[in-house]
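Here's an informal walk through the sheets of this protein, with a look at how far the model can be trusted. Have the structure open as you read.

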Amino acid sequence: MSQMEVSQVYKTVTLINSLDDTFIRKNVQLIKETPYTMLCKHFKKNVYFLFIKSTNYITYSDYNILIYTNENDLRNNLRNNLILLLENRKELKSIKKIIKDHKIKIIYKDTFINELMNIKCNSIKHNRPIIFAENYVVNEGALTIECFLKEGLVGGRMVINNNLILEIDEIISDDVYKAEEVFKENRELEYERKNYMHEIVDDEASEIEEASEYSLEENENILNYESENLEEESNFSENEQIFNKDSKFNEYLKISDLNNPNLKKIETNDIFIPRDTQSFVNRVIKRSKSFFKNTNVTIKFKQCNFPNNFFPMFVNLYEIEGSSTIYNLCFSSKTEVKREEYFLENDIFNFKISPIITKNKGYKIHLESNNITNGILTFIGPLFLTNKFNIKKQNINCSLFDYSERLIVKEKYLVGKPFKIYKKVTVIRGMFTSPQDVKMFINYKLKTDSGVEGVIKESLGTHGLFKAYFSSTVQHGERVKLCLYQQVFLQ
């Protein structure tokens with residue numbers, strides 16, 4: 001491995017769609033080559049280049065150079081901060097039309113190295129060390145790499161191929177250092193966290209309650225209807241009116257339940273939820289100490305099921321990363337998104353998710369939605385400090401909203417039909433099977449298929465019939481619905 005002094009300039013260049021590299025070889029001195037990388041030195045200047053060959057866009061190098069092959073390939077990479085490499089200058093006019101709204105520098109193969117020396121690096125800022133291996137050896141499942149640590153190391157784990165986390169065993173520079181001891185200081189850093197899945201909320205702040213408010217006019221002179229052959233309703237204690245432990249409806253929530261201190265909570269002993277997302281990210285980056293800056297090192301990793309083929313770019317993780325957390329991602333899509341399993345891609349580590357979908361509104365209680373084109377994806381996943389996500393297969397673009405718990409409920413409808421009707425008073429049957437169940441929902445709002453609004457007033461008999469008052473006469477045969485909510489939990 002070539003020993004580079006700190007005073008020497010070291011730059012990384014990612015070549016995308018690179019098949020022919022002869023235009024590089026004739027302009028630089030080749031020092032070392034692997035299937036994926038070329039370590040080179042400028043003939044005249046004291047500058048080292050690590051050229052990385054890639055078929056995909058890599059965000060972390062100083063220069064990301066797209067070798068132009070066709071317009072579709074160019075359009076797919078316009079969102080990236082690239083230097084476009086051309087051979088045929090006749091293509092320039094049509095290409096400039098495509099990239100006119102993007103800050104992309106165009107250079108040519110015949111003057112490639114000289115132009116690269118005179119342009120500034122990409123303005124992409126990275127919040128973590130990124131390492132490219134200049135040389136590597138895999139022996140019995142244990143990987144050893146040689147590399148130059150431009151930004152040092154902040155933690156004892158690396159990600160490769162966006163899907164495998166490697167544990168560092170030793171770091172060799174002027175001496176042999178155990179990773180466990182080197183990063184102990186960063187590992188012991190503490191951050192403010194939340195200890196429960198949701199807070200008690202105010203009814204007035206609830207999206208659901210706002211949606212459930214009906215402007216119901218009750219007539220004071222409504223006939224006190226008593227149906228023949230129906231028994232008088234029994235007297236129930238106050239506790240029985242609120243809660244019936246034997247009722248099949250206990251899994252459903254009423255509006256008042258959403259502010260109930262007895263609402264189920266999930267302990268988050270194994271889930272790290274920072275109190276404030278942005279300040280947390282800044283604090284991790286600022287407080288984590290970097291080791292081995294501007295140093296040539298050999299890194300030995302612990303044994304694992306190592307892949308035969310891998311791209312030699314290593315993303316260094318902070319010590320807090322990898323912990324389980326709760327993500328809320330804003331998403332937008334041209335097609336409707338429904339609840340199912342997705343493969344989430346990002347700059348660091350790709351993983352599968354099964355999110356709950358809600359609308360992007362600033363309420364404390366969130367209603368589960370389905371088949372919408374924009375909103376929030378909520379799920380439990382490994383914590384990584386990045387805000388760029390996408391689900392390529394379904395073409396869903398995502399960005400980080402925050403790491404936080406959400407109280408999520410889904411709508412459930414109980415349905416009944418009119419049994420007897422007298423003007424605005426109606427006896428409903430089929431919704432409940434016992435007077436105890438009716439008692440749980442006294443004074444709750446009803447709505448018919450035709451939009452007539454009503455309220456449950458009292459239980460009648462022993463078979464779940466009840467009296468309801470409506471804003472206008474209900475038609476025979478139409479359905480009467482009671483909207484309830486069921487708490488949804490993350491898995």
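Start with Lys 11, which stands opposite Phe 49 in strand 4. That pair belongs to strand 1 (residues 9-16) and strand 4 (residues 47-54), which pair in the parallel sense over eight bridges. For the terms: helices (H or I, at least four residues) and strands (E, at least two) are DSSP runs, numbered from the N terminus, and two strands pair if DSSP finds at least two bridges between them.

Before going further, a word on the source. This is a predicted model, in which local features need pLDDT of at least 70 and side-chain atom pairs count only at pLDDT 80 or more, while totals for chains, interfaces and linings use all residues. Residues are numbered from 1 along each chain as its sequence is written, and side-chain values use heavy atoms, with hydrogens and water left out.

**The open sheet**

Zoom out from strands 1 and 4 and you get an open sheet of seven strands, ordered 2-3-4-1-5-6-7, with mixed pairing. Strand 2 (28-33) and strand 7 (105-108) stand at the edges with a single partner strand each, so one side of each has no neighbour in the sheet. From one strand to the next, the twist averages 30° (axes are lines fitted to C-alpha atoms, and angles run from 0 to 180 degrees between N-to-C directions).

**Around strand 12**

Now on to strand 12 (residues 164-172). Here are its antiparallel pairings:

| Partner of strand 12 | Bridges | A bridge pair |
|---|---|---|
| Strand 11 (residues 157-160) | four bridges | Arg 157 with Glu 167 |
| Strand 13 (residues 176-178) | three bridges | Ile 171 with Tyr 177 |
| Strand 14 (residues 295-301) | four bridges | Ile 168 with Phe 301 |

The hairpin of strands 11 and 12 has three residues between the strands, and Asn 161 takes a positive phi near 55° there. A hairpin through three residues also joins strand 12 to strand 13.

**How far to trust it**

The average pLDDT (the predictor's confidence in each residue, from 0 to 100) is 79 for the protein, and 80% of the residues score at least 70. Among the elements, strand 13 has the highest mean, at 95, and helix 8 (residues 238-242) the lowest, at 35. Over residues 197-245 the pLDDT is below 50, though this stretch has 97 contacts (heavy atoms within 4.5 Å) beyond near neighbours in sequence. Residues 1-7 also stay under 50, with 19 contacts beyond four places in sequence. Where pLDDT is low, the predicted coordinates should not be read in detail.
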